[in-house]
Amino acid sequence: MKTIVLLTDFGNQDHFVGVMKGVIYSITPYVNIIDLCHEIPIGNITKAALVLKNSFKYFPKESVFVVVVDPGVGSDRKKLLIKTDKYYFVGPDNGVFSYTLENSKIIKIIELTNDKYWLKPISNTFHGRDIFSPIAAYIINGINIMNFGNEINSYKRLPFINPEFNKNEILGKIIDIDKFGNLISNISIDFLNKYLKVNKDKYLIEISNKIIYGIKDFYSEVKQGEPIVLVGSTGMLEVSIYMNNASIILDTKINDPIKIKTML
Amino acid sequence: MKTIVLLTDFGNQDHFVGVMKGVIYSITPYVNIIDLCHEIPIGNITKAALVLKNSFKYFPKESVFVVVVDPGVGSDRKKLLIKTDKYYFVGPDNGVFSYTLENSKIIKIIELTNDKYWLKPISNTFHGRDIFSPIAAYIINGINIMNFGNEINSYKRLPFINPEFNKNEILGKIIDIDKFGNLISNISIDFLNKYLKVNKDKYLIEISNKIIYGIKDFYSEVKQGEPIVLVGSTGMLEVSIYMNNASIILDTKINDPIKIKTML
Amino acid sequence: MKTIVLLTDFGNQDHFVGVMKGVIYSITPYVNIIDLCHEIPIGNITKAALVLKNSFKYFPKESVFVVVVDPGVGSDRKKLLIKTDKYYFVGPDNGVFSYTLENSKIIKIIELTNDKYWLKPISNTFHGRDIFSPIAAYIINGINIMNFGNEINSYKRLPFINPEFNKNEILGKIIDIDKFGNLISNISIDFLNKYLKVNKDKYLIEISNKIIYGIKDFYSEVKQGEPIVLVGSTGMLEVSIYMNNASIILDTKINDPIKIKTML
């Protein structure tokens, strides 16, 4: 049983996601369809790119990811299928795959041009239904992907703002805020260990004009309501308030800076 | 692998939808269950009827649709199974199927009366769990539908307000607003082509005291923040604001009028 | 086809739930995964315990329930697998299983200690991904559960506040409010019949300084906007406003008292 994974900004109040599944099962009934997320803020390609990056490696080999966060739908933005050594990615060429592909081995990039595999009539506003879902289903059915269009050799990339290291200080920023209000930074534990490795309790973290002392291992090391910095489940440094919402309590937003120094 | 499709107003914060799936898989483990939508506004039969109408034809032949938007649960409203040439529809007789059945070939209408196929004890408040889910599962298992109750020959219909054509003007209304704030009218492209066919750029669309010029093909034909009229993915004329929420920006609600004229 | 049931407070705006499914399908592709609920209020163990109690018996025999409402993740709270005569329950030892287990026959309680079956590296913040999902998948694969850790003989229990009967009056409280605003009490129909059985129309129900007369059978026995008391689908007495939200209209919250007397 193979797997198709759906990632969209369609929400759950309309027929959009259900219809995509109907299209898929109409073409290939024996497949597991997983909802990765449908609550991406409307048109927020960066958030979709982060969710995909944080997730894809946990899915079975040969999974097909269908990503439809697509404000340019119907325009001349390209429609892509990207095959890596482990997965297939289907969706618009707007950068949504770029964080994921940074650490993947790309085998082929196909621009989807052959409408033989599309649903007719093709709407101009719902390529998730008419193009991307059928393509995913036909991949599961084993159609040779060269039939879907023409091989090309590039895809759109999002800028990835890496943290900076300067004068014994790491300067990063908040790139995501999860449902719990945890503040996810762009500083990975690997970056930290490379540039500024000291004992965990010797770090000073500055965010929103507050200083937090030390990096901890798990939430309940601090008291309820206290701030804590730890390595989150995606390998990035995160700022949390135990049993509360750090984004609200610290009044911190996406793109706000975070600095890491060490004690003297 | 056959398909059961669920459409309810149960939301996702309680056990209701999960329990329906538990009941189904307890009776028939080899079936794909698809969530069409569970965020229908509470008791809003019209919205559920529209979601079903916009969706059903994309699902595999012989899919069983279980629709539970059922403010009359436990009263003497009938419980129905409607078999068309392609699908099965199970739910309360409150009009929720009517837009879908307008363009379907009905084979049989069964009033569900045989409690042999229901879950005991039968609650008065959750027929989705106790009656409609088991019936759907037994259909998948191949039970002859005549066992479920008595054949009848009518079902409740919702009024469908068609647009009017008068003095070279189409007068329609907004019948749905999707997650993106797009305003979906009751004017289909077929109706438009029949009564008022001109070049796409010769239409004048009046909504909420604003005039929009021309019908476009895709969102990004206009600039961010500008209004646009196009044929949506369900074949109806829709009013959008590119990269914004038309319902909010134009202050337009369901049932508000929309007029279409042509330029002199 | 066996069943894994997921119950979390992860919501649907991030990658958490999707990733758990990816992990499961990577280990065992032929399994039905059901979302019981992911909108448990953050860290609300009691609500999760109620949702599980109201649901579990409707799922197929041998279903594996993975419950991740886990504010103590990463601390020394135990990680459990509880096998009953019908089901498996996997999650943190924080009381979330206790209402369900009150009426179940426990066969074995295993403290999960053998990291051979966990995902590496093990994060300190996402045991749903790294520990509980893989264990559930390996149960489906038929691994002997004694391999997962050590048998123990207790689990954490939540207090269950039963109603009181005193001076011909039942004193209960509201323990849950569902999506529709229905107020679910801790007074079961069995408790009522045992201590205060009279004709249905002879009850007086007092809640939020209002008196409601009689227990009804279904919502539409009263007019739109009127309060009604009936036996809900979980067997508990519920207070509703027909076609409206009782919690808002009656200004009633969880833990508010409800009294039942009989007419003279």
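Guide: A salt bridge is a side-chain nitrogen of Lys or Arg within 4 Å of a carboxyl oxygen of Asp or Glu. The model discussed here is predicted.

Visitor: How far apart are the closest N and O atoms of Glu206(A) and Lys261(A), which form a salt bridge?
Guide: The cut-off for such a pair is 4 Å, and Glu206(A) and Lys261(A) meet that condition. The closest N and O atoms of Glu206(A) and Lys261(A) are separated by 3.8 Å.

Visitor: Which parts of chain A does the pair of Glu206(A) and Lys261(A) tie together, and how many residues apart are they in sequence?
Guide: Glu206(A) belongs to strand E11 (residues 203–207) of chain A, while Lys261(A) belongs to strand E15 (residues 257–262) of chain A. The salt bridge therefore connects E11 and E15, and the parts it ties together are separated in sequence by 55 residues.

Visitor: Is Lys261(A) buried, partly exposed or exposed?
Guide: Buried requires under 20% relative accessible area and exposed requires over 50%, with partly exposed in between. Its partner Glu206(A) has a relative accessible area of 23% and is partly exposed. For Lys261(A) the relative accessible area is 31%, so the class that applies is partly exposed.

Visitor: Are Arg129(A) and Asp130(A) buried or exposed?
Guide: Arg129(A) and Asp130(A) form a salt bridge whose closest N and O atoms lie 2.6 Å apart. As to the accessibility of the two partners, both Arg129(A) and Asp130(A) are buried.

Visitor: Which residue of chain A is linked with Lys47(B) and Asp176(B) in a network of salt bridges?
Guide: Within chain B, Lys47(B) and Asp176(B) form a salt bridge with their closest N and O atoms 2.8 Å apart. This pair links distant parts of the chain, since Lys47(B) sits in helix H2 (residues 45–55) of chain B and Asp176(B) in strand E9 (residues 169–177) of chain B, 129 residues apart. Both Lys47(B) and Asp176(B) are buried. The network that holds Lys47(B) and Asp176(B) also takes in a residue of chain A, namely Asp14(A).

Visitor: How many salt bridges does the structure hold over all chains?
Guide: The pairs described above include Arg129(A) with Asp130(A) and Lys47(B) with Asp176(B). Taken over all chains, the number of salt bridges in the structure is 33.

Visitor: What is the handedness of the β-α-β crossover from E1(A) to E2(A)?
Guide: Strand E1 (residues 2–8) of chain A runs parallel to E2(A) and is joined to it by 6 bridges, with Lys2(A) standing opposite Val31(A) in E2(A). Between E1(A) and E2(A) the chain passes through helix H1 (residues 16–27) of chain A, and the resulting β-α-β crossover is right-handed.

Visitor: How many of the 7 residues of strand E2 of chain A are buried?
Guide: For chain A as a whole, 59% of the 264 residues count as buried. Strand E2 (residues 31–37) of chain A is mostly covered, and its count of buried residues is 6.

Visitor: Which residues form the nonpolar patch on the surface, with about 290 Å² of accessible area together?
Guide: A residue can enter a patch with over 30% relative accessible area and no salt bridge. Tyr213(A), located in strand E12 (residues 210–213) of chain A, has 54% relative accessibility and therefore counts as exposed. The members of this patch are Ile211(A), Tyr213(A) and Met263(A).

Visitor: Which kind of axis relates chain C to chain A?
Guide: Two copies of a chain are related by a rotation about an axis and a shift along it. Chain C is superposed on chain A, with an RMSD of 0.0 Å, by a rotation of 120 degrees and a shift of 0.0 Å along the axis. Such a relation is that of a three-fold axis.

Visitor: Which residue of chain A comes closest to the rotation axis?
Guide: Chain A can be laid on chain B by a turn of 120 degrees with a shift of 0.0 Å along the axis, at an RMSD of 0.0 Å. At a C-alpha distance of 5.0 Å from the rotation axis, the residue of chain A that comes closest is Asn32(A).

Technical notes: Residues are numbered from 1 along each chain as its sequence is written. Chains are lettered from A and ligands numbered from 1 in the order in which they are written. This is a predicted model: local features need pLDDT of at least 70, side-chain atom pairs count only at pLDDT 80 or more; totals for chains, interfaces and linings use all residues. Side-chain values use heavy atoms; hydrogens and water are left out. Buried means under 20% relative accessible area, exposed over 50%, partly exposed in between (1.4 Å probe, protein chains only). Helices (H or I, at least four residues) and strands (E, at least two) are DSSP runs, numbered from the N terminus. Two strands pair if DSSP finds at least two bridges between them. A crossover is right-handed if, with the strands pointing away from the viewer, the path from the first strand over the helix to the second runs clockwise. Patches are made of residues with over 30% relative accessible area and no salt bridge: like charges are joined within 9 Å, nonpolar side chains (Val, Leu, Ile, Met, Phe, Trp, Tyr) within 5 Å. Accessible areas come from the Shrake-Rupley method with a 1.4 Å probe; for residues, only the protein chains shown count as cover. Copies are superposed by least squares on the C-alpha atoms of residues with pLDDT of at least 70 in both.
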